[in-house]
Amino acid sequence: MCHALLLDPKFLCILLQIDVELAREARAVGCACGGALHRADFPRKPRACPSEVRDDFSTRFSFCCNRCRRRTTSMSVRFLGRRVYLSLAVVLASARHAGQMPAAAWLAGELGVPLRTLQRWRQWWRDSLPLTPLWQEVCARFMPPVASDTLPAGLLERFAGDAKEALMRLLVFLTPITVRPVALNEGC
Ligand SMILES: [Zn+2]
């Protein structure tokens, strides 16, 4: 697992481009009422984010309908639900954390993630992700099945390519759950 990707501006820039495209698609679909969507982004104060790309990660793309005022937030590879940490950090730190307390403590220090938060992430991968419609629809396609107690590392290794490509595919795979409320209190 290559945590250096967290510090790779090129990789993070590609994540922004994917989010721009996802936002463009959401806007093109429009609101369910038939109204037009206008930009109404959420400001973010991202954590575990390199300063060079902070501006690229300081908003979550979202829209407001000009007719019914309902919000549409597009899917994201940068943010996992309402978490303040980059989704990349949630994946990398959680994978590191899998049964490796010294490594987790090291990465927690590197990223400024409290150990308590890491433990909640692990719990989310193990207990909450398997309950999502995404997981239940797609889970059956993995042969052999991915054991929930190996997440996210067990899932990551199912995606093809080098570390960078596999991570990108995993983040894209997770995008449907990024627009649903994530029942997780990061305590921050
Ligand atoms: Zn509407």
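**Note on a pocket, a zinc site and S87**

1. The lining of the second largest pocket is made up of five nonpolar, three polar and two charged residues; here Ala, Val, Leu, Ile, Met, Phe, Trp, Tyr, Cys and Pro count as nonpolar, Asp, Glu, Lys and Arg as charged, and the others, Gly among them, as polar. This is a predicted model, in which local features need pLDDT of at least 70 and side-chain atom pairs count only at pLDDT 80 or more, while totals for chains, interfaces and linings use all residues. Residues are numbered from 1 along each chain as its sequence is written, and side-chain values use heavy atoms, with hydrogens and water left out.

2. The zinc ion has as its protein donors (N, O and S atoms within 2.8 Å of the metal, or 3.2 Å for Na, K and Ca) the SG atoms of C31, C33, C65 and C68, which lie 2.3 Å from the ion. Along the sequence, these donor residues follow the spacing C-x1-C-x31-C-x2-C.

3. The arrangement around the zinc ion is tetrahedral because the four donor atoms subtend angles of 102 to 117°, and four donors count as tetrahedral if all angles lie between 85 and 135 degrees.

4. C31 is buried, at a relative accessible area of 8%, whereas C33, at 29%, is partly exposed; buried means under 20% relative accessible area, exposed over 50%, and partly exposed in between, with a 1.4 Å probe and protein chains only.

5. S87 also counts as buried, with 2% relative accessibility. The C-alpha atoms of S87 and S76 are separated by 9.0 Å, and these two residues are 11 residues apart along the chain.

Note on methods: Four donors count as tetrahedral if all angles lie between 85 and 135 degrees; four count as square planar and six as octahedral if opposite donors are over 155 degrees apart and all others between 65 and 115; anything else is irregular.
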